[in-house]
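Visitor: I am new to this structure and would like to learn how its descriptions are justified. Could you show it to me and then take my questions one at a time?

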Protein chains: 2
Amino acid sequence: MMKKMMNKSKDVVTQLLSGIVFAHEDILERLPKTGIIVRRQRVADQVAVISGGGTGHEPAHSGYVGENLLAASINGPIFTPPTREEILMGIEEANQGQGVFLVIKNFEADVTNFLEAEEEAIKRGISVKHVIVNDDCSIEKANFKKRRRGVAGTIFVHKIVAGAAAEGMTLDDLARLAEEVVASLNTLGVALAPGTLPGTENSQFQLAQNEISFGIGIHGEAGYREEPLESSEKLANELVNKLKTQYRLTRGSQLAILVNGLGSTPYMELAIFSNDVRRLLELEGIQIKFKKMGNFMTSLNMAGVSLTFLELKEDKWLHYLMLPTDAYGW
Amino acid sequence: MMKKMMNKSKDVVTQLLSGIVFAHEDILERLPKTGIIVRRQRVADQVAVISGGGTGHEPAHSGYVGENLLAASINGPIFTPPTREEILMGIEEANQGQGVFLVIKNFEADVTNFLEAEEEAIKRGISVKHVIVNDDCSIEKANFKKRRRGVAGTIFVHKIVAGAAAEGMTLDDLARLAEEVVASLNTLGVALAPGTLPGTENSQFQLAQNEISFGIGIHGEAGYREEPLESSEKLANELVNKLKTQYRLTRGSQLAILVNGLGSTPYMELAIFSNDVRRLLELEGIQIKFKKMGNFMTSLNMAGVSLTFLELKEDKWLHYLMLPTDAYGW
């Protein structure tokens, strides 16, 4: 059994959420006996943007609840989406009369539960729309299809859509904006070491001592190719080139980038890798107008990194990314 | 060799600092070819507070450079303090005419280099004072002496002293304030897994599969006692009780607490542990007036946690802790 600072397995999620709300009680509160974390300050006259998913991705998603960001996050068991009932309760709680916008990561169970909750909320008279984030541009080993799961780039969608909502954008316009952002968003992740789930001693997949795995998911899913890690520079080169194939970038193209640690990778390595990404993009004259570096959407104790590109198609997107927030994970 | 996202060993620190400044270029700049990171915005008419030490503790110390916080951090090689010359250069760069206050962690080489730089700066006509932070209340295995190294609690000293400086406190008064804060500050750390230094494949110390080590340092130093990790609750109980022996806490005593991850411990475990600390203190009627939870002073890829208590002897300390800042590590 891996050493973990935990108590009984059945209490992990409730104690996790209690700890998060304790640490950030000035901005967050938890609806009793639920996985729903809401912003203390309710803001009328704007669409409430909410997101959620399984736990194990901290600071996602509660870390994105706050000023100019989410009104609530709905948190399920580890790596398991919240139930339709809890999502519905979150929608009803967050709605301030202007409707609710859902940011959903593209995993089958997440999509099913969120869309069923949306349908029920609409029946109950609440205006609800959604976007499905599918930024993962890795490919299936078997058939070379793109996986298109929702991964770390999701936090850019949160920030842009919620920023627009805070400035009064309507639900219909938010849905259009969100689709445009998702269409410009791509992420590729690599594991240096697999994670372990609480209560188990087995790693989620196997990696040779010197190998890394390209295209891993955020739930400990193995990647599509294993190869040796030669250097940060070569890894940055590989990821930048793979991401570039998703765009028609030219000199002067404007990007927002996200270097996301998967949980147990030291800040030192994230910084060195970020520096390599910067050098590669500078060489090509691509402008990095916005960047974030840190642990934003983790996979428990997995070691590794993901790189996200968002091509900034409109100046407004940068404006929304730069709005101030008190959300603890941003 | 452990897999690390790095390039040549000789480039680790310079690429680390480049990456940090790239990610935070709106607030930070690096003096070319040095380990000195300064706040872009220079503020006249106040004492400049600066700190520093070896790298490998990210986000310390560059993460505490910013509004109402440090004017500069001086960064050395991994786990090795900066030279006297670089510290002196940092003092001269940061000084805006009101003098410079140094926050030094209590490790022999750090103290020597910082005090020699202070002496030389004074010779050159700059007013300089310092505090030596010694919050580690663990004990030596051999002789039961307190180690009194400077560890994670140092960030509370940064915030309080720099907040007071930002509000115009004089150098002499800052020195008195800093001594009072350090006298109320205690930290105890525990490793769940040792770290590894870049370029080596050996762990810094050995731990049995189910054991944890009490009283570890932030440079991978082994602790004073190994025992099995039974639960987060028991660990919290042990650390809270050990820290309480440093104070005369009664119902209504006011604490600021810091739950600091050592680098590779998942946020989930920090939150569960924090929740246990909260419950224990609540049971005794001790008031937690301020808290921070996250990775603030790490030890590369060590897994584990430290707990810091600061007894809030004056309301002003809480005020300084709560001042807004743009420093990326706070």
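Visitor: How many residues does each chain bring to the contact between chain B and chain A, and what makes it a contact?

Guide: Chain B gives 57 residues and chain A gives 57 residues, where contact means heavy atoms within 4.5 Å. This is a predicted model, in which local features need pLDDT of at least 70 and side-chain atom pairs count only at pLDDT 80 or more, while totals for chains, interfaces and linings use all residues. Residues are numbered from 1 along each chain as its sequence is written, chains are lettered from A and ligands numbered from 1 in the order in which they are written, and side-chain values use heavy atoms, with hydrogens and water left out.

Visitor: What is the area buried between chain B and chain A?

Guide: It is about 4,600 Å², with carbon and sulfur atoms giving 66%; buried area is the accessible area (1.4 Å probe) that two parts lose on being put together, summed over both. In chain B, the residues that lose the most area to chain A are K3(B), M5(B) and M268(B), together 21% of what that side buries.

Visitor: Why is the pairing of E25(A) and K291(B) called a salt bridge?

Guide: A salt bridge needs a side-chain nitrogen of Lys or Arg within 4 Å of a carboxyl oxygen of Asp or Glu. The side chains of E25(A) and K291(B) meet at 2.3 Å, N to O, and therefore the pair satisfies the rule. Across the interface of chain B and chain A, the rule finds two salt bridges.

Visitor: How do you know whether C137(A) and C137(B) are buried or exposed?

Guide: Buried means under 20% relative accessible area, exposed over 50%, and partly exposed in between (1.4 Å probe, protein chains only). C137(A) has 7% relative accessibility and so counts as buried, and C137(B), with a relative accessible area of 7%, is buried too.

Visitor: Why is N113(A) called buried, and what does its side chain reach?

Guide: N113(A), which lies in helix α3 (residues 108–123) of chain A, counts as buried because its relative accessibility is 18%. Its side chain reaches the backbone oxygen of P82(A) at 2.9 Å. Not counting residues up to four places away in sequence, N113(A) touches P81(A), P82(A), T83(A), R84(A) and I87(A).

Visitor: How many disulfides are there over all chains?

Guide: The count comes to zero over all chains, by a rule that asks for a pair of cysteine sulfur atoms within 2.5 Å.

Conventions. Helix = DSSP H or I, 4+ residues; strand = E, 2+ residues; numbered from the N terminus. Polar contact = N/O pair within 3.5 Å; in protein donor to acceptor, adjacent residues only side chain to side chain.
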